[in-house]
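Biologist: I would like a close look at a single part of this structure, explained slowly enough for someone in a first year of study. Please take one helix and follow its surroundings outwards from there.

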Amino acid sequence: MMFEESFEISLEKLSSRPEILSQLAYPSQRSDYAQTILNELKEMDVESIYLTYQPRPTLKFIGKGYRGIVIKARWRSKVIAGKILRTDSGIPSLNREAEMTRIANSIGIGPRVFDYSGHVILMEYIEGRDLDEWLDELPPDKVCILRKVLTAIMAQAGKLDSISLDHGELSNARRHIVVKNDLTPTILDFGKARISRKPKNLTSITSYITRGPHHLKILKMLDVCNLPIHLLRAYKENPSQENFKKILGELNLVDECSQKATLEV
Ligand SMILES: Nc1ncnc2c1ncn2[C@@H]1O[C@H](COP(=O)(O)OP(=O)(O)O)[C@@H](O)[C@H]1O
Ligand SMILES: [Mg+2]
């Protein structure tokens with residue numbers, strides 16, 4: 001990624017810069033919506049937001065999806081991520097997403113939600129690489145590291161299943177899992193999450209691993225011959241710890257080297 005210098009602007013100063021303020025209303029630039037977002041940021045004690053110059057001052061976008069834009073901000077002296085509802089999202093608020101993320105947080109999963117209001121979620125800023133990019137760049141001899149990261153992702157998916165929280169968008173894990181520099185994966189975006197009697201987190205992740213854009217590289221690195229099709233069926237019927245472990249085993253993820261993976265990639 002290109003190095004991009006960024007600067008902070010206090011919310012006070014932002015109030016008097018309509019050309020930057022309007023960017024909070026994405027993509028319409030409607031000034032009344034931008035004002036609503038500014039008020040919500042102030043209410044939650046956000047101190048400043050980050051800008052880049054390209055060449056004019058522009059909000060520093062950490063990411064964009066079809067429901068929200070994610071900006072970098074400072075809150076209680078911490079650098080955080082602020083998800084702002086897009087004006088064309090078709091949903092009235094981010095409250096449900098914030099509540100779902102909080103449920104995930106209760107078992108240590110997802111970016112920690114610090115605060116939220118109707119149109120904004122303030123959460124932990126997860127710095128790292130999208131899983132897709134990370135897999136693409138991983139040297140093929142780093143099998144232990146691959147095992148460590150995939151095992152951690154499978155474990156998180158299994159934990160979500162165990163509390164019946166279905167993320168809903170994990171089969172396309174592309175932009176919804178970030179691998180931090182310390183190799184901890186974090187599942188993002190609980191915007192489509194729901195409570196379900198048949199959560200599909202583990203099956204979705206397994207299908208990303210075995211059929212997604214990097215499946216050939218992954219299966220070769222892990223030396224997998226048989227896909228865990230029957231085991232997945234058994235897990236769907238009975239999502240027990242035992243069935244979970246059998247799936248890990250079939251994918252050759254259970255190995256003492258997963259404990260030994262070093263931090264360098
Ligand atoms: N807490 C976060 N920390 C760092 N990056 C994030 C965070 N939340 C989202 N992003 C980035 O922003 C992108 C869009 O966010 P996402 O929640 O997926 O929005 P949408 O609901 O619109 O799909 C993500 O793909 C990711 O790259
Ligand atoms: Mg998304």
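Modeller: On the face of α10 that is turned away from its buried side sit the exposed residues Gln241 and Glu242; please keep in mind that this is a predicted model. The helix itself covers residues 241-250, and within that stretch Phe244, Ile247, Leu248 and Glu250 are buried. Looking down the axis of α10, one finds these buried residues within an arc of 165 degrees, so they line one face of the helix. A general point about helices helps here: an α-helix has 3.6 residues a turn, so residues three or four places apart point the same way. Just after α10 the backbone reaches Asn252, which takes a positive phi of about 55 degrees.

What lies over the buried side? The cover of the buried residues of α10 includes α6, α7 (201-211) and α9 (229-237). Two of these helices, α6 and α7, also pack against each other, at an angle of about 155 degrees and with their axes 7 Å apart. Because angles over 145 degrees count as roughly antiparallel, that angle makes α6 roughly antiparallel to α7. On the α6 side the contact is made by Leu150, Ile153, Met154, Ala157, Gly158, Leu160 and Asp161, and these meet Asn201, Leu202, Ile205 and Ile209 of α7. Sorted by character, the residues of this contact comprise eight nonpolar, two polar and one charged.

Helix α6 also holds Arg147, which counts as buried because there are 24 C-beta neighbours inside 10 Å of this residue. Gly68 is 79 residues away from Arg147 along the chain, and the C-alpha atoms of the two are separated by 32 Å.

From α6 we can go on to the strands, since this helix, residues 143-162, lies across β11 and β12 and runs at about 30 degrees to β12. Both strands belong to an open sheet of three strands, in which the order is β9-β11-β12 and the pairing is antiparallel. The edge strands, each of which pairs on one side only, are β9 (128-130) and β12 (185-187). On average, and with direction ignored, neighbouring strands of the sheet are turned by 30 degrees against each other. Between β9 and β11 (residues 177-180), which run antiparallel, there are three bridges, and Asp130 stands opposite Val178 in β11.

Definitions and conventions: Residues are numbered from 1 along each chain as its sequence is written. Chains are lettered from A and ligands numbered from 1 in the order in which they are written. This is a predicted model: local features need pLDDT of at least 70, side-chain atom pairs count only at pLDDT 80 or more; totals for chains, interfaces and linings use all residues. Two strands pair if DSSP finds at least two bridges between them. Helices (H or I, at least four residues) and strands (E, at least two) are DSSP runs, numbered from the N terminus. Axes are lines fitted to C-alpha atoms, for helices over the stretch in contact, and angles run from 0 to 180 degrees between N-to-C directions. Two residues are in contact if their C-beta atoms, placed from the backbone, lie within 7 Å. A residue is buried if 20 or more other C-beta atoms lie within 10 Å of its own, exposed if 12 or fewer, and partly exposed in between; C-beta atoms are placed from the backbone. The arc is that of the directions from the helix axis to the C-beta atoms. Angles under 35 degrees count as roughly parallel, over 145 as roughly antiparallel, 65 to 115 as roughly perpendicular and the rest as oblique. Ala, Val, Leu, Ile, Met, Phe, Trp, Tyr, Cys and Pro count as nonpolar, Asp, Glu, Lys and Arg as charged, and the others, Gly among them, as polar.
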